[in-house]
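Let's take a walk through this one together, starting with a loop residue and moving on to bonds and empty spaces. Have the viewer open and follow along.

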Amino acid sequence: MGLWRRTVLPAVAAVVATTVLAACANGGGLRVEGPESPPPAASATPTPSVALGTGSPSPSLRRTPEVTVDLYKVRARLLADRRLTGYARTVLSNCTVISRCLSRGKTVDVLHSGTPQQIVLIHTLEKFVFGIFLIAVEPAGPRPIWNLNVEQPTVNASPQGDLVVESKIFTINDPVCCPSGRRVEVYRWNGRQMIKVSSTDQ
């Protein structure tokens, strides 16, 4: 009986140990892991709906593609508009070299339509800007949306998609040539027209 314990029991223990080690080796046994892996990082690629233009990314992430509107076509469309002011009509009617009366400003999408609009500046021969036009760039041609009579403006789109117009204004002691004041106006598309939402003189 003592001999059996000394020879058989060690052999049985060896077999059991070998079986346990084999089970761990093939992945079916106990598995020891390190710290929990962090969740995969969010993809930098937009979701399909945003990539296809059907989603609603925040306005600050929108990028308006650059466009080049045909200024000769813009001139023709403006002259056909009965609401064009008399002075602007006179300037455009006498303008045979388009660069002397119209120039392109920034490309924006303040209508939030996904179709770019371009700011067009109207100016005198001396490049004194006295008005701006918001022109929708469409397959059928340029379409005037809105205009503003303003002197020497700087026009940009805000991160929220509003139109920000900064212009020169005269203060009390300014000479006729040189306005020293500044006006900042913000315009917003309400779904039907552009409305002024703020105006600040500086």
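**A walk from loops to cavities**

Start at Lys-127, which counts as partly exposed because its relative accessibility is 48%, a value that falls between the 20% and 50% cut-offs. Keep in mind that this is a predicted model. Lys-127 sits in the loop that links strand S2 (117-123) to strand S3 (129-138). Its backbone is worth a look: phi of Lys-127 is near 70°, so to speak on the positive side, in a residue other than glycine. Now slide along to the next loop of interest, between strand S4 (141-149) and strand S5 (154-157), where you'll find Gln-152. Gln-152 isn't a glycine either, yet it has a positive phi of about 45°. How open is Gln-152, buried or partly exposed? With a relative accessible area of 32%, Gln-152 is partly exposed.

Next, the sulfur chemistry. The structure holds two disulfides. If you number the bonded cysteines of the protein in sequence order, the pairing reads 1-2, 3-4.

Take the link of Cys-95 and Cys-101, where the sulfur atoms are 2.0 Å apart. The torsion about the S-S bond of Cys-95 and Cys-101 is about -85°, which means that this disulfide is left-handed. Cys-95 counts as buried because its relative accessibility is 7%, and Cys-101 counts as buried too, at 1%. Both values come in under the 20% cut-off for buried.

The other link joins Cys-177 and Cys-178, with their sulfur atoms 2.4 Å apart. That separation still counts, since a disulfide asks for sulfur atoms within 2.5 Å. Here the turn about the S-S bond is -90°, and the link of Cys-177 and Cys-178 is left-handed. As for the surroundings, Cys-177 is exposed, with a relative accessible area of 58%, while Cys-178 is partly exposed at 40% relative accessibility.

Now for the empty space. Rolling a probe the size of a water molecule over the atoms shows where such space is left. Go back to Cys-95 and Cys-101, as both cysteines are among the residues that line the second largest pocket. This pocket holds about 160 Å³ of space. Alongside the two cysteines, its lining includes Val-91, Asn-94, Thr-96, Val-97 and Arg-100, and also His-123, Thr-124 and Leu-125. Sorted by class, the lining of the second largest pocket has five nonpolar residues, four polar ones and one charged.

How many cavities of 30 Å³ or more does a search of the whole structure find? The search turns up one. About 50 Å³ of space lies in the largest cavity. Which strand gives the most to the lining of the largest cavity? That's S3, with four residues. S3 and S4 each supply at least two residues of this lining. To trace the wall in your viewer, pick out Phe-130, Gly-131, Ile-132 and Phe-133, then Asn-147, Leu-148 and Asn-149, all of them included in the lining. Leu-84, Thr-85, Ala-88 and Ile-122 also line the largest cavity. By class, the lining of the largest cavity divides into seven nonpolar and four polar residues, with no charged ones.

Notes. Residues numbered from 1 in each chain as written. Predicted model: local features only at pLDDT ≥ 70, side-chain atom pairs only at ≥ 80, totals over all residues. Heavy atoms only, no water. Buried < 20%, exposed > 50% of the residue type's maximum accessible area, 1.4 Å probe, protein only. 1 Å grid on protein atoms, 1.4 Å probe; cavity = no way out; pocket = protein on both sides within 12 Å on 5 of 7 lines; lining within 4 Å. Points joined across faces, edges and corners; volume = space filled by probe spheres on them. Nonpolar A, V, L, I, M, F, W, Y, C, P; charged D, E, K, R; others polar.
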